[in-house]
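Hello,

Here is the structure I said I would pass on. My notes on its strands follow below it.

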Amino acid sequence: MGNYKNVHVLPKSQYLTSLHTKARNRKAEQSEFVFYSDRIIRLLLEAASELLPYTSHNIQTPIGDIYNGAILNTKLCGVSVIRAGESIEGEYRRMYPDSPMGKILIQRDKLTKLPRYYYSNLPDDIAERTILLFEPMLATGGSLAKAIDLLKEREVPEDNIIVVNFLSSPIGLNRIMALYPKIQLITSSIENGLNKDAFMKPGIGDFGDRYFGTYKPS
C-alpha cells in the first residue's frame with residue numbers, strides 16, 4: 001500500500017485492540033457491538049478534530065485569571081453515507097451539537113458489487129463548510145468515490161473533506177487516495193485484503209447490519 005501522508009491510522013494500543021476484539025467477535029450481541037463500536041468511533045472523531053483549524057481565544061476564568069484557549073475556526077457539516085455512516089452520527093452530535101448533518105444514499109448491488117446513487121440531502125452552504133464524511137467500511141472504494149464526487153459537484157473543495165472510516169482495505173484505500181489525493185482520511189485499521197464476496201479480512205462483517213440489528217450471528 002502507498003505511504004499516503006493524508007491517511008491517519010489510530011495509534012496502536014492495547015485499549016484499541018481490546019475494543020476491536022469485542023466488536024469483531026461474531027458472537028457479539030447487537031448491544032455489545034454498538035457499545036464497543038461507539039468507543040472506537042469517538043476515538044476516530046477526536047482524531048479528525050485534530051485536523052480542523054482553530055484560532056486562539058482567551059477567556060477569563062471564574063477566579064479572574066486568563067486562559068489561553070482555542071476555538072474552532074470553520075463551519076462543520078457531518079455527511080453520512082447511508083446506512084452504515086449513520087452509526088457515526090450520535091457521537092458527532094455529542095461533539096458538535098450545533099452543526100448540520102447531510103445524507104447521501106449509495107448502495108452496493110449485492111450481485112455486481114457496484115455502487116448505485118439514489119438520494120442526497122445537503123445544506124445549501126455545503127461548499128463553505130469543512131465536511132466530515134462518514135463511511136465506516138472502505139472495501140473497494142466505489143461508494144466512497146461516488147460520495148466524494150457528489151460533494152465536489154456541490155463545489156466542496158477536495159481538501160475540505162475529512163473521511164471518518166472504521167476499517168479500510170489496502171485496495172480501496174489506494175484507489176481513493178489516487179483519485180482524491182487532497183482529502184484526509186482517518187481510520188482505526190487497515191485490513192489484510194478482501195475475500196471473494198468483497199468483505200474485508202479479518203474484518204467485522206456487515207457493519208450496518210450489525211450496528212442496526214438486521215444481522216443475526218450464525
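E1 and strand E11 (residues 184–187) run parallel and are joined by three bridges. In that pairing, Val7 of E1 has Leu185 in E11 as its bridge partner. Please keep in mind that this is a predicted model.

The two strands belong to an open sheet of seven strands, ordered E1-E11-E9-E7-E4-E5-E6, with mixed pairing. Strand E1 (7–9) and strand E6 (115–121) are at the edges and have a single partner strand each, so one side of each has no neighbour in the sheet. From one strand to the next, the twist averages 20°.

Strand E4 (residues 76–82) sits between E7 and E5 in the sheet order. E4 and strand E7 (residues 130–134) run parallel, with five bridges joining them. Here Leu76 has Thr130 in E7 as its bridge partner. On the E5 side, five bridges again join E4 to strand E5 (residues 101–108), and these strands also run parallel. In this pairing, Val81 stands opposite Ile104 in E5.

How many of the residues of strand E4 are buried? Seven of the seven are, so the strand is largely enclosed by the rest of the structure. Burial here means under 20% relative accessible area. Both faces of E4 are covered. On one side the buried residues are Leu76, Gly78, Ser80 and Ile82, and on the other they are Cys77, Val79 and Val81. Leu76 and Val81, named above for their partners in E7 and E5, thus lie on opposite faces of E4.

Regards

Note on methods:
Residues are numbered from 1 along each chain as its sequence is written. This is a predicted model: local features need pLDDT of at least 70, side-chain atom pairs count only at pLDDT 80 or more; totals for chains, interfaces and linings use all residues. Side-chain values use heavy atoms; hydrogens and water are left out. Two strands pair if DSSP finds at least two bridges between them. Helices (H or I, at least four residues) and strands (E, at least two) are DSSP runs, numbered from the N terminus. Axes are lines fitted to C-alpha atoms, for helices over the stretch in contact, and angles run from 0 to 180 degrees between N-to-C directions. Buried means under 20% relative accessible area, exposed over 50%, partly exposed in between (1.4 Å probe, protein chains only).
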